[in-house]
Amino acid sequence: MYYIQPHYHGISRTTDDYERMAQAGVVAVAEPSFWAGFDRHHPETFLDYFRQISEFEPTRAAAYGIRHFCWVAVNPKESENVALSRAVMAALPGFFAKPTVLGIGEIGLNKNTPHELTIFREQMEMAIQHRQLVLIHTPHLGDKRKGTQLTLDLLRELRADPERVWIDHVEEHTIQSVLDAGYWAGMTLYPQTKMSPCRAADMLELYGHRHLLVNSSADWGASSPFTLQQCAMEYQQRGHSQQELLEVFHNNPARFLGQNPKFDIRPIRLAS
Amino acid sequence: MTDKNAVMERYYLDCRCMLLELAATLDRHDRAPAPSEGAQAADARLLLLQRSIEILAHPSARPDRTARILELLSRPVS
């Protein structure tokens with residue numbers, strides 16, 4: 001079995017992760033820019049972070065045969081600081097040309113504040129202007145329903161191409177509206193605040209494979225990259241074929257991320 | 001002893017998660033096809049879960065939900 005881990009924060013993880021992921025069939029990871037657990041004060045700190053995930057992390061992953069890609073952006077939580085966000089955004093286009101940068105993400109909303117919405121809109125406009133793929137974080141817990149609706153409203157207003165937008169962290173109460181609008185929907189296996197492997201398997205059975213991504217978002221919190229394999233096992237134990245597993249855990253990420261030609265891993269079709 | 005606010009602070013997210021898992025399991029059961037002919041139509045385990053949920057929702061004079069559910073889920077002594 002081959003896996004692509006489409007949302008993974010290697011900067012917060014030990015090298016053991018890469019070794020064990022390689023042993024467990026992971027061939028590539030994509031690392032979005034995110035909140036590091038504290039609010040940064042200086043734009044340059046972000047820029048060094050982008051250098052770390054676009055230059056250094058690929059070398060750590062490559063030691064275990066894993067391809068490493070990344071996304072650059074001001075994350076939703078720190079976008080509350082509008083001046084800082086704009087200073088960072090001014091440098092983003094310089095990163096778009098780097099060989100492993102796939103697009104702008106994760107952007108979006110955290111607490112659905114006016115400042116977050118301002119920076120979300122400006123980063124979306126930048127993505128559209130620069131023809132970048134987009135990864136959108138949706139808020140946690142009680143803020144998710146409203147945040148998802150605000151996100152869909154903004155994307156509709158900006159006439160974003162749904163095929164190039166991935167809205168992440170959907171749950172049972174938000175997945176339908178995201179898929180109905182034509183976007184890619186991500187299910188994040190982060191059981192305490194997002195989705196469990198069993199619930200994700202339910203959603204795959206209810207909604208099918210099209211436009212669905214599964215990821216672990218493993219980071220500095222209580223999380224694990226191997227929730228992906230747990231979900232695959234659950235799905236397999238419900239009677240789904242090896243090809244179906246490949247479609248979900250390898251081919252769909254390859255299809256979405258492969259819209260950027262830098263991501264050159266292609267879907268796999270098993271010989272029948 | 002930890003005060004009531006601290007209990008919620010510490011365990012709310014765990015409980016939220018467990019509640020959603022339970023809901024998802026019951027939804028999964030509702031969606032599943034009926035058992036094949038000859039199999040037991042009404043599963044007693046579902047009834048036990050439903051009665052356990054009722055215990056969760058109805059506190060007694062003292063905090064003994066866990067013991068009451070375990071009693072419910074126990075085989076008769078004799």
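Reader: How many of the 272 residues of chain A count as buried?

Author: In this predicted model, 57% of the 272 residues of chain A count as buried, where buried means under 20% relative accessible area, exposed means over 50%, and partly exposed lies in between, with a 1.4 Å probe and protein chains only. Because the model is predicted, local features need pLDDT of at least 70 and side-chain atom pairs count only at pLDDT 80 or more, while totals for chains, interfaces and linings use all residues. Residues are numbered from 1 along each chain as its sequence is written, chains are lettered from A and ligands numbered from 1 in the order in which they are written, and side-chain values use heavy atoms, with hydrogens and water left out.

Reader: What makes the radius of gyration of chain A agree with that of a compact globule?

Author: The radius of gyration is taken over C-alpha atoms, and the globule rule is 2.2 Å times the number of residues to the power 0.38. For 272 residues a compact globule would have a value near 19 Å, and chain A has 17 Å, so the two agree. Along its principal axes, the C-alpha trace of chain A spans about 55 × 40 × 35 Å.

Reader: Why is strand S2 of chain A called largely enclosed?

Author: Strand S2 of chain A covers residues 26–31, and five of its six residues are buried, so the rest of the structure largely encloses this strand. Helices (H or I, at least four residues) and strands (E, at least two) are DSSP runs, numbered from the N terminus, and chain A has 10 helices and eight strands.

Reader: How do you know that S2(A) pairs with strand S1 of chain A, and in which sense do they run?

Author: Two strands pair if DSSP finds at least two bridges between them; three bridges join S1(A), residues 3–5, to S2(A), so the condition is met, and these strands run parallel. Within this pairing, A:Tyr3 has A:Val26 in S2(A) as its bridge partner. The chain passes from S1(A) through helix H1 (residues 15–23) to S2(A) in a right-handed β-α-β crossover, a term that applies if, with the strands pointing away from the viewer, the path from the first strand over the helix to the second runs clockwise.

Reader: Which sense does the pairing of S2(A) and strand S3 of chain A have?

Author: S2(A) and S3(A), the latter comprising residues 67–72, pair in the parallel sense over four bridges, and A:Ala30 stands opposite A:Phe69 in S3(A).

Reader: What makes the backbone of A:Asn112 notable, and is this residue buried or exposed?

Author: Phi of A:Asn112 is near 65 degrees, a positive value in a residue other than glycine. Most residues other than glycine have a negative phi, and most peptide bonds are trans. A:Asn112 is found in the loop between S4 and helix H5 (114–129) of chain A, and its relative accessible area of 11% is why A:Asn112 is called buried.

Reader: Why is A:Ser217 called buried?

Author: The relative accessible area of A:Ser217 is 3%, so the residue is buried. A:Ser217 is placed in the loop between strand S8 (212–215) and helix H9 (227–237) of chain A, and its phi is near 55 degrees, a positive value in a residue other than glycine.

Reader: Which peptide bond joins A:Gly105 and A:Glu106?

Author: A cis peptide bond joins A:Gly105 and A:Glu106, with omega about -5 degrees, and A:Glu106 lies in strand S4 (residues 101–108) of chain A.
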